[in-house]
Amino acid sequence: MLKFKVSMVVAPPKAVFEAVAKQPLENALKVLSSMGYDGVELSVLEPEMYRGIERILTNYGLEVSALSTGLNYLHYGLSLSSPDPVKRKGAVKRLIEIAEFGEKVEAGVIVGLMRGKLEKGQNRVEAYEHMINGLKEVCRGAREHGVDIFFEPLNRYETQLVNTVAEGLKVLEDVNEDNLFLLLDTFHMNIEEPVIEDSIRQASDRIGHFHVADSNRLAPGMGHLDFTSILAALKDTGYKGYLSAEIIVKPDLETAAMVTLNTLKKAMELL
Ligand code: LER
Ligand code: MN
């Protein structure tokens, strides 16, 4: 049996993104730690918001699985592909600041929504080029901190830039930096990939982080995805990282966290 470590994404209560546990941090950590979670994925705006977190994590026996960053796009419009150079520079700067924090908590940094969307009238080729150049800078800055970057294909309703695993692999090729990996998310793959398991195998050893949510973005077990076969495909790639639940927390944190853990444990028992 292979046991993947499990975490859940936690964001500050003011976050404008729905698929996360929006909780005062210590509440969430208490619940996750008491259920036997291994880690927490922290959703970051300014890294200063987590000053002193190392001691708190040690108290709860939790690691940081990854640092998510999309709130910087949703709250401040920071985007690697923006036509506005100030927004692009701001995005690169913020991602490198978060990588500096990543060094302290030994976690990689996610680029999901911070790649941006095509803005009105913006040329796709130009936007893609901005994104690739920005990612190069971010990877180089993060490498100085020994930190990996996880680039996430997102479904077509969230961005027009990089929706599929195949497009994500092309980004890795175009950026050509060895600390850049893919973050695969079962919610997005359920919308974009013909066969989720085939796409996981295709990404192979380029998978750096993995988000789990069911077909409806609720806790794994509350929709119709087959986590037994998804985790079997992930195991075949040699992936040894986290399964991180990025879910709409319903009906409440305790239930969603427990259903997630039970579904994943049951699937892992069959590996
Ligand atoms: C982020 O990990 C994600 O999956 C997106 O839907 C929004 O950032
Ligand atoms: Mn995700």
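Six donors around a metal count as octahedral if opposite donors are over 155 degrees apart and all other angles lie between 65 and 115 degrees. In the predicted model described here, the site of the manganese ion (ligand 2) is octahedral, with angles of 70 to 173 degrees among its six donor atoms. For comparison, ideal angles for six octahedral donors are 90 or 180 degrees.

Coordination of the manganese ion (ligand 2) involves Glu 152 through OE, Asp 185 through OD, His 211 through ND1 and Glu 246 through OE, at 2.1 to 2.2 Å. Along the sequence, the donor residues follow the spacing E-x32-D-x25-H-x34-E. Glu 152 belongs to the loop between strand E6 (149–151) and helix H6 (165–175), whereas Glu 246 belongs to the loop between E9 and helix H10 (253–269), so this pair ties together parts that are 94 residues apart in sequence. Glu 152 has a relative accessible area of 5% and is therefore buried, the cut-off for this class being under 20%. Glu 246 likewise counts as buried, at 8% relative accessibility.

Aromatic contacts were examined next. With ring centres required to lie within 6.5 Å, the count comes to three aromatic pairs. One of these is formed by Phe 4 and Tyr 239, whose rings are 5.9 Å apart centre to centre, with 40 degrees between the planes, and the pair is tilted. Phe 4 is located in the segment before strand E1 (5–11) and Tyr 239 in the loop between helix H9 (227–236) and strand E9 (242–245); the pair therefore ties together parts that are 235 residues apart in sequence. Phe 4 is buried, because its relative accessibility is 1%. Tyr 239 is also buried, with a relative accessible area of 5%.

Tyr 50 and Phe 101 form another aromatic pair, which is stacked: the distance is 6.1 Å centre to centre, with 5 degrees between the planes. Planes under 30 degrees apart count as stacked. Tyr 50 lies in the loop between strand E3 (39–43) and helix H2 (53–60), and Phe 101 is part of helix H4 (residues 85–105), so parts that are 51 residues apart in sequence are tied together by the pair. Tyr 50 counts as buried at 6% relative accessibility, and Phe 101 counts as buried at 6%.

Beyond the individual pairs, one aromatic cluster is formed by Phe 4, Phe 210 and Tyr 239.

Methods
Residues are numbered from 1 along each chain as its sequence is written. Chains are lettered from A and ligands numbered from 1 in the order in which they are written. This is a predicted model: local features need pLDDT of at least 70, side-chain atom pairs count only at pLDDT 80 or more; totals for chains, interfaces and linings use all residues. Side-chain values use heavy atoms; hydrogens and water are left out. Rings of Phe, Tyr and Trp (its six-membered ring) pair if their centres lie within 6.5 Å; planes under 30 degrees apart count as stacked, over 60 as edge-to-face and the rest as tilted. Helices (H or I, at least four residues) and strands (E, at least two) are DSSP runs, numbered from the N terminus. Buried means under 20% relative accessible area, exposed over 50%, partly exposed in between (1.4 Å probe, protein chains only). Donors are N, O and S atoms within 2.8 Å of the metal (3.2 Å for Na, K and Ca); water is not among the atoms, so sites may look incomplete. Four donors count as tetrahedral if all angles lie between 85 and 135 degrees; four count as square planar and six as octahedral if opposite donors are over 155 degrees apart and all others between 65 and 115; anything else is irregular.
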